[in-house]
Amino acid sequence: MKKNKKIFITAALTGAVHTPSMSPYLPITTQQLIDEAVRAYEAGAAVVHLHTRNQTTGEPDSSLDLMRDAVAGIRERCDVICCVTTGASQMMSLEERLAPIPALQPELASCNAGSMNFVLADIAKKIPDGFGWEKPYLLGTRGNVFANSYNGLEQYVRTMNENGTRPEFEVYDVGMINNIAYFIREGVVKTPPYLQFVMGITGGLPATVANVNFLYETACKQLGDFHWSVAAAGRHQMPMAATALALGGNVRVGLEDNLYLTPGKLAKSSGEQVAAVRTMANIMGLDVATPAEVRQMLELKGADNVKV
């Protein structure tokens, strides 16, 4: 495992899980997304993880123009690293999800490390359907498989390699570590890989201290040298952040993963959650890395080489 002198924080700003009816603070428009990225950066985030949405309804939208405008707008205002999603929505095709990589050639992009049931249906019971698409979208995940086949994974990684983009492997369960190990042996994945352990998704590994440690120890045995971070859904966000910091890992927070700052209190920004993690890290005697330091850690090509 990579032993970094500093930890870094990622802010996942909007995602494709939560819907506008769940929080008035969820960024929808490109301008809201840009403003959120700046707030997260100012609070201490070195990386922002980006999805885009329909500017009127808030529905997940993989339009290249939206992503290009978001990345360009963020770059104009701060030096944060933009991690572009290739998850977008589990309802989208591989081609739709992969399109931003050759078009934008980002420094960093998410790469889901295996297929899974990614079920959001229970959320539909808790919300009004303000825009008409929300409940059908959430309920539809009950009959869907989030497909990331070996052929698809290889296509994602090779496309990223060709465009100078570092994959951030989203690991929802322990078998996905075996998938990454396979592609390392095949010479497709460059080492050391960067893993984001995503905990507490219905259909994925439960968010517990034991399971974070299980993922970490399995990755040590299977992969040897690697970078890693932890994200967790809902109320598990901060406990799993503390676990990651205690084990020497990095942390992802943000409104994509959790709409609350504390139980019952909606976060007004992903930046509030970033600030909380930064305070937690400082209390534990850990320094928080800048974007420049993270670029060095992850061997990123730099914002000047992003095609916007």
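How many helices and strands does the secondary structure of the chain come to? Show the cartoon and you'll find 11 helices and 10 strands; helices here are DSSP runs of H or I with at least four residues, strands are E runs of at least two, and both are numbered from the N terminus.

Before you click around: this is a predicted model, where local features need pLDDT of at least 70 and side-chain atom pairs count only at pLDDT 80 or more, while totals for chains, interfaces and linings use all residues. Residues are numbered from 1 along each chain as its sequence is written, and side-chain values use heavy atoms, with hydrogens and water left out.

Stop one: select residues 9–12, strand S1. Turn on the side chains: Ile 9 and Ala 11 point one way, Thr 10 and Ala 12 the other, and all are buried (under 20% relative accessible area with a 1.4 Å probe, protein chains only).

Stop two: add residues 250–253, strand S8, which pairs with S1 in the parallel sense over 3 bridges (strands pair if DSSP finds at least two bridges between them). Look for Ile 9 opposite Val 251 in S8.

Stop three: select residues 47–50, strand S2, which runs parallel to S1 and is joined to it by 3 bridges. Here Ala 12 has His 49 as its bridge partner.

Stop four: add helix H1, residues 30–43, and you have a right-handed β-α-β unit made of S1, H1 and S2. To check, point the strands away from you: right-handed means the path from the first strand over the helix to the second runs clockwise.

Finally, zoom out: the C-alpha trace spans about 45 × 45 × 40 Å along its principal axes, and buried residues make up 57% of the 308 in the chain.

Note on methods:
Buried means under 20% relative accessible area, exposed over 50%, partly exposed in between (1.4 Å probe, protein chains only).
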